[in-house]
Amino acid sequence: MEIIDSHTHWGPSVTMGIEVTTAELLRQAEQSGVGRIVIFPFPSQALADERINDQVLEEAGSDHTFIPYYYIPEDLRPIPKEKGFYGGKWHWTRGVQDCSSNYTVLEDPALGAFIEESEGIDLPIIFEEELAFTETFVEMTKTLKIIIPHLGLLGGSPLDFLEAFRRRENCYFDTALADRDTIRRFVKEIGPERILFASDIPFGQMKSELHKVLSLPIGDAEKELILSKNVKRLIGLD
Ligand SMILES: [Zn+2]
């Protein structure tokens, strides 16, 4: 069964003082039986120097294991699809990194144009903000595909996210760092079509994150959706 890790960080992190190398990602993929890996920069690195986006692209160009996503800059430029990106990462835009949403972004006149252009580009965006921010954003679009990482764990309670978006067919969730019982509950309540396997390396380990999905009491067809088919459908891969 093909397995794609749909959320990892590649390259250096200025704030954490670490670097996730290609060799490390490939080592974990080999160990876990993962065939392809979505990569994007660490937030602090992208904010310090956005050329890291081009480095992610170059790395994916030389190793086809990698699927590059674009870190969306704070001035809200949409994904430059023509360059070869397959998706985007929206991360607490202008907020306190990994901590709290900045609600003035929702009043930025540039946001409407960003959403409209992104709907046209039709690539998914891993979207991380607090629940109330995410709800307002999702109200603004019917078609833009957003992937809520960690089942919403860092933006509030996963079950609140589940309630808020269960009928929003354009909202997806990734499993990284979530616990197995919560993943199981999401699959049971909204089906496997909107759930994506992810590790969030270096914050999670590929093998143990994968084990949570492999050990779910569901059939192989359902697992295959979560492990690769959903992300492939979203990014238009084969
Ligand atoms: Zn992450």
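Analyst: In this description, Ala, Val, Leu, Ile, Met, Phe, Trp, Tyr, Cys and Pro count as nonpolar, Asp, Glu, Lys and Arg count as charged, and the others, with Gly among them, count as polar. By these classes, the lining of the largest pocket holds seven nonpolar, eight polar and four charged residues. The structure itself is a predicted model.

User: How do you know which residues are closest to the centre of the largest pocket, and how many residues line it?

Analyst: The largest pocket encloses about 240 Å³ of space. Its lining is made of 19 residues, and those closest to its centre are His9, Pro43, His91, Asp98 and Phe203. A residue belongs to the lining when it has an atom within 4 Å of a point of the pocket.

User: Which elements each supply at least two residues of that lining, and what makes up the largest share?

Analyst: Strand E1, helix H2 (43–48) and strand E6 (87–91) each supply at least two residues, while the largest share, three residues, comes from H2.

User: What makes His7, His9 and Asp200 the residues that coordinate the zinc ion?

Analyst: A donor must be an N, O or S atom within 2.8 Å of this metal. The zinc ion is coordinated at 2.1 Å by NE2 of His7, NE2 of His9 and OD of Asp200, so these atoms meet the cut-off for donors. Along the sequence, the donor residues follow the spacing H-x1-H-x190-D. His9 sits in strand E1 (residues 4–9), whereas Asp200 sits in the loop between strand E10 (195–196) and helix H8 (206–214), so the pair ties together parts that are 191 residues apart in sequence.

User: Why are His9 and Asp200 called buried?

Analyst: The word buried applies under 20% relative accessible area. His9 has 3% relative accessibility and therefore counts as buried, and Asp200, at 4%, therefore counts as buried as well.

User: What is the peptide bond that joins Ile201 and Pro202, and where does Pro202 lie?

Analyst: The bond between Ile201 and Pro202 is a cis peptide bond, with omega at about 10 degrees. Pro202 lies in the loop between E10 and H8.

User: Is His91 buried or exposed, and how do you know that?

Analyst: His91, which is found in strand E6, has a relative accessible area of 4% and is therefore buried, since the limit for that word is under 20%. Leaving aside neighbours within four places in sequence, His91 is in contact with Pro43, Tyr71, Gln97, Asp98 and Glu128.

User: What makes the pairing of the side chains of His91 and Lys89 a polar contact?

Analyst: A polar contact needs a pair of N or O atoms within 3.5 Å, one able to donate a hydrogen and the other able to accept it. The side chains of His91 and Lys89 make such a contact at 2.9 Å, so the distance falls within the cut-off.

User: Why is Asp122 called partly exposed, whereas Leu151 is called buried?

Analyst: Partly exposed covers the values between the limits of 20% and 50%. Asp122 has 37% relative accessibility and so counts as partly exposed, while Leu151 has 0% and so counts as buried. Asp122 has its place in the loop between helix H4 (110–121) and strand E7 (125–128), and although it is not a glycine, its phi is positive at about 60 degrees. Leu151, found in the loop between strand E8 (146–148) and helix H6 (158–165), is likewise not a glycine, and has a positive phi of about 55 degrees.

User: Why does Thr65 count as buried at 19%, and what joins the side chains of Thr65 and Asp63?

Analyst: Because buried means under 20%, the 19% relative accessibility of Thr65 makes this residue count as buried. Thr65 has its place in the loop between helix H3 (52–62) and E5. The side chains of Thr65 and Asp63 are joined by a polar contact of 2.7 Å, and therefore by a distance within the 3.5 Å limit.

User: What does Glu58 count as at 57% relative accessibility?

Analyst: Exposed means over 50%, and Glu58, at 57% relative accessibility, therefore counts as exposed. Glu58 lies in helix H3.

Note on methods
Residues numbered from 1 in each chain as written. Predicted model: local features only at pLDDT ≥ 70, side-chain atom pairs only at ≥ 80, totals over all residues. Heavy atoms only, no water. Donors = N, O, S within 2.8 Å, 3.2 Å for Na, K, Ca; no water. Helix = DSSP H or I, 4+ residues; strand = E, 2+ residues; numbered from the N terminus. Buried < 20%, exposed > 50% of the residue type's maximum accessible area, 1.4 Å probe, protein only. 1 Å grid on protein atoms, 1.4 Å probe; cavity = no way out; pocket = protein on both sides within 12 Å on 5 of 7 lines; lining within 4 Å. Points joined across faces, edges and corners; volume = space filled by probe spheres on them. Contact = heavy atoms within 4.5 Å.
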